[in-house]
Amino acid sequence: ICAQAGAGKTTLLAQWLAERECPQPSAWLSLDEHDNDPVIFLHYLIAAVRTASPHSCEKTFNLLSAPKLPPVRAITAALVNELDDLDVVSSEARACSASGLVLALDDYHQITEPEIHEILTNLVEHLPQGVHLALATRTDPPLPLARWRARREMTEVRSADLRFTLQEAHALLEGTTGREMNSETVRILEDKTEGWVVGLRLAALSMRARRDQEAFAQGFRGTSSDLIAEYLVNEVLARQLPEIQDSLLRTSILDRFCAPLCEALTEVPAAKGQQVIEWIAKSNLFLVSIDEEGRWYRYHHLFRDFLRHELSQQTSAAGISELHTRAATWFAEHRLTDEALHHFLAAGDTAAAADLV
């Protein structure tokens, strides 16, 4: 399950484990940045497995406690063998002849240690019958996903799958506000949040004290709610590298952008703009592809509004005008006149706009 922050990955995974018709026992591990040590990771993984099978993985645990750590492959082999010997059939699973275990790893994007990725790859390649891995992550991990996809050994749930429908948005908004919602208000908020569940929920919390639902929805933006701004600062922007933060803020003035235009605004070296866009896309930073060729992109509407607000707080008016001028010049050079005019006027350069006309 791979999607942006607040898309409902953890909730979906937990509900799937709880509500399957033929439930298997599960071992749940929530990860954070402190788990980027192979020994710590494996200790926690074994502890999770032991919640379903209390005395399992004893050999692997002893290997981890050895004065000198054995090779990773030896540890993984021991873990695979012990998972194969698990006896964790629950009463519900026994009724439908299900056995084995689901290893559920939440927030796997927190893992950056290559050795842990190697451990997980070896584990998946040799998973015993009936043992399955479920990952929830904000970014695609450096695992051989293409190989598993080609073998049809992997089921993927992405952002588009998690987007709330109008009916789901209606239920969420009414459940959060405790009020009946009219269809037009729901439609406006679903459209502006693009079905992003945390955006819908935070909008509902902001709306509870408002009498005029539709007026609130019409004026709703990524900066309309302190709750949304705080969420995006803490959960999204603050977690990025400084150069990525800078690229996000600078390109937020654009309604759409491509790699060369990104380079013109951010002053990154030639041909690096595509790498920046690929990083943003891989990190699920609310990026939307708007053409079949994958050349043009835009930001999620609420995220763009938020970025523009942050840019105005961190950059002078002259600095923002300079960004608009660079964008206008690029659009004019590429004969995209309407967009060039828009940015010349946003920069306050009416003379350049008149010359272009």
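**Cysteines, the parallel sheet and selected helix residues**

Colleague: To begin with cysteine 262, is that residue buried or exposed?

Modeller: Cysteine 262 counts as buried because its relative accessibility is 1%, below the 20% limit used for that class. Please note that this is a predicted model.

Colleague: How many disulfides does the structure hold?

Modeller: The structure holds zero disulfides. For cysteine 262, the nearest cysteine sulfur belongs to cysteine 258, and it lies 8.7 Å away.

Colleague: What about cysteine 2, buried or exposed?

Modeller: Cysteine 2 has a relative accessible area of 6%, so it is buried.

Colleague: Before we go further, what is the average pLDDT of the protein?

Modeller: The average is 89, and 94% of the residues score at least 70.

Colleague: Where does pLDDT stay under 50?

Modeller: That happens over residues 89-98. For this stretch the model has 12 contacts beyond four places in sequence.

Colleague: And the overall picture: how many helices and strands are there?

Modeller: The protein has 20 helices and five strands. Its C-alpha trace spans about 75 × 50 × 35 Å along the principal axes. Of its 357 residues, 46% count as buried.

Colleague: Which share of the contacts joins residues at least 24 apart?

Modeller: The share is 65%, taken among contacts between residues at least 6 apart in sequence.

Colleague: Let us turn to the sheet. What is the order of its three strands?

Modeller: The order is E1-E2-E3, in an open sheet with parallel pairing. Strand E1 (26-30) and strand E3 (131-136) form the edges, each pairing on one side only. On average, neighbouring strands of this sheet are turned by 15° against each other, direction ignored.

Colleague: How many bridges join E2 to E3?

Modeller: Six bridges join strand E2, residues 101-106, to E3, and the two run parallel. Among the bridge partners, leucine 101 is matched with valine 131 in E3, and valine 102 with histidine 132 in E3.

Colleague: On the other side, over how many bridges do E1 and E2 pair?

Modeller: E1 and E2 pair over five bridges, again in the parallel sense. Valine 102 in E2 is also the bridge partner of serine 26.

Colleague: Which residues of E2 are buried on each face?

Modeller: On one side they are Leu101, Leu103 and Leu105; on the other they are Val102, Ala104 and Asp106. Six of the six residues of E2 are thus buried. Side chains in a regular strand alternate between the two faces of the sheet.

Colleague: Which strands does helix H2 lie across?

Modeller: Helix H2, residues 38-50, lies across E1 and E2 and runs at about 145° to E1.

Colleague: Changing topic, where is glutamate 168 placed?

Modeller: Glutamate 168 sits in helix H9, which covers residues 166-177. Its relative accessibility is 38%, so glutamate 168 counts as partly exposed.

Colleague: What does the side chain of glutamate 168 reach?

Modeller: That side chain reaches the backbone nitrogen of threonine 165 at 2.9 Å. As a long-range reference, the C-alpha atoms of glutamate 168 and aspartate 355 are separated by 50 Å, with the two residues 187 apart along the chain.

Colleague: Threonine 177 interests me too. In which helix is it found?

Modeller: Threonine 177 is found in helix H9. With a relative accessibility of 11%, threonine 177 counts as buried.

Colleague: Which backbone atom of leucine 173 does the side chain of threonine 177 reach?

Modeller: It reaches the backbone oxygen of leucine 173, at 2.8 Å. The side chain of threonine 177 also reaches the backbone nitrogen of arginine 179, at 3.2 Å. Setting aside neighbours within four places in sequence, threonine 177 is in contact with Ala204, Met207 and Arg208.

Colleague: One last residue, isoleucine 320: buried or exposed?

Modeller: Isoleucine 320 counts as buried because its relative accessibility, 18%, falls under the 20% cut-off. Its place is in helix H18, residues 317-333.

Colleague: What does isoleucine 320 touch, not counting residues up to four places away in sequence?

Modeller: Isoleucine 320 touches Leu311, Ser312 and Thr315. Lysine 68, by contrast, is 252 residues away along the chain, and the C-alpha atoms of lysine 68 and isoleucine 320 are separated by 57 Å.

Conventions
Residues numbered from 1 in each chain as written. Predicted model: local features only at pLDDT ≥ 70, side-chain atom pairs only at ≥ 80, totals over all residues. Heavy atoms only, no water. pLDDT = per-residue confidence, 0-100. Contact = heavy atoms within 4.5 Å. Helix = DSSP H or I, 4+ residues; strand = E, 2+ residues; numbered from the N terminus. Buried < 20%, exposed > 50% of the residue type's maximum accessible area, 1.4 Å probe, protein only. Polar contact = N/O pair within 3.5 Å; in protein donor to acceptor, adjacent residues only side chain to side chain. Disulfide = S-S within 2.5 Å. Pairing = 2+ DSSP bridges. Axes fitted to C-alpha atoms, helices over the stretch in contact; angles between N-to-C directions.
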